[in-house]
Structure formats: structure tokens, C-alpha cells
Amino acid sequence: MFIDRAEIFVRGGKGGNGCVSFRREKYIPKGGPDGGDGGHGGHVYIVADPTITTLLDFTGRHHWTAQNGQAGMGKNRSGKSGADRVVRVPPGTLIYDRDSGRLLKDLDQPEMRVLIARGGRGGKGNQNFATARYQAPRFAFPGGEPDERWLRLELKLIADVGLVGLPNAGKSTLLSRVSRARPKIADYPFTTIEPQLGIVELSNYRRFVMADIPGLIEGAHEGVGLGDDFLRHIERTRVIVHLVDVHPIVEHPTPVEAYHVIRNELQKYSQDLARKPELIVANKIDLADNLSAVQELQDALGRDVIAISGVTGAGIEQLGDALWRMIQEIRQTEQASKSIVPHDDPFEAVAAAPTIRRGDVSSDDPDRERGEDEDDGCSGDDPCGPAERFEGGARWAGQEDDPDSEEGKP
Ligand SMILES: Nc1nc2c(ncn2[C@@H]2O[C@H](COP(=O)(O)OP(=O)(O)OP(=O)(O)O)[C@@H](O)[C@H]2O)c(=O)[nH]1
Ligand SMILES: [Mg+2]
């Protein structure tokens, strides 16, 4: 039910073309072939990054490509291999091939990594084709084509914040105010019968996921009302927002009673859930001119209470900031305990390429000779223009071997 989706296009880098070139130096008019190989194109990897929680980053960016390999050059200089592209997604993301619908990978563990689109191999330069009988090869191979595909990413969301409270406390109203979720809202109890998720976006790219669940009432653990089974949807949240209507209608529990009813139900459901960090939020403050009801609740519970109105938006910003602080603290503690290094840039390109295996979707490639030519001083001008290298051929093309030419004859 809580599914976040995105479609992205991935393409490896194209392999660099091999070069056709001949050694030309003073007093060496007919040096041998010295066209270097093209560099390999970079690969695209997808990595499960525990510091990312949603697929929202992909809404504005659909194309993820690795860098092309550089063309080979004269003087036996090979082209540089293209940098890989690492796409970071939240753990739990399922990767499907969009067109066939096939599941390619389930990134269910943090830091899991998958090679999703290989780069093309670098083309061989003409120096590779010289033999005793054929000393002036005037052709080279073009760079290989990279893999490319459209992917569908799916994430089953786990909320950071779970909303609890009596029916009509205003949980769905709050969720609809802070996120783009549009849960049903009405002034009768149990309007919400299925949990709903929303992504809360604060300023400065701060985001978290909030879950609205059906209201709990006294005896929910025994099945009264809608029961308490849906509490499992918020068992894995980091924070609980306990929403209390501070101006309940007559005959309904007072705010303090309402608070204890819910606490009791949480305890009965699970100690783990009851022990989660909790933020008490007094709702519907627009219904009175002063905050005395909030003060009373605060005094009775001996805890800080944040006062808001889901209808007017009063106090919402303060609530967002407070929740963000709590979530950050908890995330940091989680990371410290797992010793995971957070990534500032979720989509960084990494130049250092790991070894990887050939195959459809795999994680390592011992066969690949990546990086072998990288430090060969290929930063100079490319003496081979593309037309010079690859005239007239799709797979590979050589220039006509002109028997009258002096070039290339040692
Ligand atoms: N005046 C006022 N009314 C509110 C506020 N928040 C919610 N309401 C009203 O309270 C009623 C219940 O709101 P909901 O958001 O549906 O409450 P809920 O907690 O999701 O209720 P259930 O889904 O039944 O558990 C609606 O009529 C809302 O318009 C508020 O801040 N001020
Ligand atoms: Mg509701």
C-alpha cells in the first residue's frame, strides 16, 4: 500500500574509439602504427543508501548516465576510462525493468550495490593490429555501445513519524496540511480506516515520512472500534506524535483522559511501541482565544506540549522543526551504531571503479581491465580526428590502405 515509485533511464558511458596513427619523427619518416586504445565507458551502479528515505529525488531527474571513455590517441596513448555513475536509493528499493516488468534486484540491505548498466568497451587502436606481414594497419575499432534501459523503482515506505490519537483528534487533517497526502477528513469517528502515508517536506530539503492511522479507543487491544492491529504499520517508525484534541466535545474524554487512554492502548499492544520517543501535540487551539487548555494538559502530564491547529496551520512550523530534530538525532544514533558513513551528495559520480563481472545484473567483474590505461598521459591534444579514424563502417572501419602512400611503411 505505501509505495513510492519512480522511473529512471540509465545508460553506461560509450567506449572511446581506438585511434589510427603512425609514428612520425624527425629521421623516422615511416614509423610504425602507434594509435592507442579508447578508454572504457563508465558503468551505472545503484546503491542502497540508508541516509535516503524516499524516491522523491527522482521526480525532477530521470536520466542517469555514466561518463564516456576518451578516444585513443597517437604515440600509443590510451584514452581515459569514463567515470562511473552511482545512483543512491533508499534501502528496500525494488528495481524492475520498466518494459518487461522483470524484477532485476531487491536492494533490501543497506549499502547493497548492483551494476545496472555497463559501459561500452574501449575500441582497439591500430597499434594492436600490426603483424609482420601487415605492418601498416589503417583501421581501428570504434568504442563499444553501452547498456541502456528504463527502470521502475519501487519502495515500500517506512514512516519516520506515526500519528496516534483518539478518533476525531485531527490526525488526517494534520497529515493533509503538512504533506500532499489527501486522506479523508470528517467529523465522525473512524473516518480513517486504512493507514495513510505522506511525505513531509520542510525548508532546506528536509524531508520525512509521516503515517496517519485509524483512531484508537479504549479497549482497542480487545478489538473495540477498529482494534489495534493497524499499529503494526507504525511499529517501525522513529517517533510517535500523540495528537490530543484540547477542546473535545462534551461527554468525550478530557485531553488528559484521552492521552492516558491512548498510552494504555500502546502499552497493551507492544512495549517497544510504547517506549518510542513521543511528541505530545495539542490540536485545535483555534477553538479558544487562549492556550489555557494546552497549559492544563502540560501541567497535568508534566511534559512539554506543542500547540497547533491543523485547520489554521498555527504551530505547524514549530512542530515540523521539532520532529526533524528528533528524527535527525535518532538517525544519527542509528548510524553511529551501524558505523555507516552518511553521503552528502546522493548522486555523486565516482571515478574509482571497482572490479565487476560481465552479466546482466551483477556486482563484480574480475574480467574487466578497467583503469589499466588510465595513467598514460593522454591529456594532450588528440592527433586523430574522428573522421580520420572511422570512415565508412559501423562495426569498425579502416581507411583504405593506400599502397602508394608512404605513410605507415616502416
Ligand atoms: N477547529 C478545528 N477542527 C479541526 C482541527 N483539526 C481537525 N479538525 C476537525 O476535526 C474533525 C476530525 O478530523 P480528522 O482529521 O478526520 O480526525 P482524525 O483524527 O483523522 O479522525 P479519525 O480518522 O476518525 O481517527 C474534522 O471535522 C476536522 O475538520 C483543528 O485544528 N481545528
Ligand atoms: Mg483520520
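Of the 410 residues in the protein chain, 42% are buried, and the chain as a whole is built from six helices and 17 strands. The model is a predicted one, and its confidence varies along the chain: the average pLDDT is 82, with 81% of the residues scoring at least 70. Strand β14, which covers residues 278-283, has the highest confidence at a mean of 97, whereas helix α6, residues 386-389, has the lowest at 32. Over residues 340-410 the pLDDT stays under 50, although the model has 124 contacts there beyond four places in sequence. Where pLDDT is low, the predicted coordinates should not be read in detail. Across the protein chain, 73% of the contacts with a separation of 6 or more are made by residues that lie 24 or more positions apart.

A good place to begin is an open sheet of six strands, in which the order is β11-β12-β10-β13-β14-β15 and the pairing is mixed. Its edges are formed by β11 (196-201) and β15 (305-307), each of which pairs on one side only. On average, and with direction ignored, neighbouring strands of this sheet are turned by 30 degrees against each other. Two helices can be placed against these strands. Helix α1 lies across β10, β11, β12, β13 and β14, and its direction runs at about 155 degrees to that of β12. Helix α4, residues 292-301, also packs on the sheet, where it touches β13, β14 and β15 and makes an angle of about 170 degrees with the direction of β15.

Within the sheet, strand β10 (residues 161-164) can be followed residue by residue. In a regular strand the side chains alternate between the two faces of the sheet. In β10, V161 and L163 point one way while G162 and V164 point the other way, and all of these residues are buried. On one side β10 pairs in the parallel sense with β12 (residues 207-212) over three bridges, and V161 stands opposite M210 of that strand. The pairing of β10 with β13 (residues 239-245) is likewise parallel and extends over four bridges. Here G162 stands opposite I240, and the bridge partner of V164 is H242.

Helix α1, residues 171-178, is mostly covered, since six of its eight residues are buried. The buried residues are K171, S172, T173, L174, L175 and V178. This helix also leads to the ligand, because α1 supplies the largest share of the shell around ligand 1, namely three residues. In total, 24 residues surround ligand 1, and the closest are G170, S172, D187, T192 and G215. S172 therefore appears both among the buried residues of α1 and among the residues closest to the ligand. By character, the shell around ligand 1 divides into nine nonpolar, eleven polar and four charged residues.

Earlier in the sequence, strand β2 (residues 44-48) offers another view of strand pairing. Strand β2 is mostly covered, with four of its five residues buried. With β4, residues 84-89, strand β2 pairs in the parallel sense over five bridges, and the bridge partner of A48 in β4 is V89. With β7, residues 113-117, the direction is antiparallel, and four bridges join the two strands. In that pairing V44 has A117 as its bridge partner.

The residue A117 leads on to D147, which lies in the loop between β8 (139-140) and β9 (148-156). Leaving aside residues up to four places away in sequence, D147 touches G12, A117 and R118. The C-alpha atoms of D147 and R11 are separated by 5.7 Å, although these residues are 136 residues apart along the chain. Is D147 buried, exposed or partly exposed? A residue counts as buried if 20 or more other C-beta atoms lie within 10 Å of its own, and as exposed if 12 or fewer do. D147 has 19 other C-beta atoms within 10 Å, and is therefore partly exposed.

How values were computed: Residues are numbered from 1 along each chain as its sequence is written. Chains are lettered from A and ligands numbered from 1 in the order in which they are written. This is a predicted model: local features need pLDDT of at least 70, side-chain atom pairs count only at pLDDT 80 or more; totals for chains, interfaces and linings use all residues. Two strands pair if DSSP finds at least two bridges between them. A residue is near a molecule or strand if its C-beta atom, placed from the backbone, lies within 6 Å of it. Ala, Val, Leu, Ile, Met, Phe, Trp, Tyr, Cys and Pro count as nonpolar, Asp, Glu, Lys and Arg as charged, and the others, Gly among them, as polar. pLDDT is the predictor's confidence in each residue, from 0 to 100. Two residues are in contact if their C-beta atoms, placed from the backbone, lie within 7 Å. Axes are lines fitted to C-alpha atoms, for helices over the stretch in contact, and angles run from 0 to 180 degrees between N-to-C directions.
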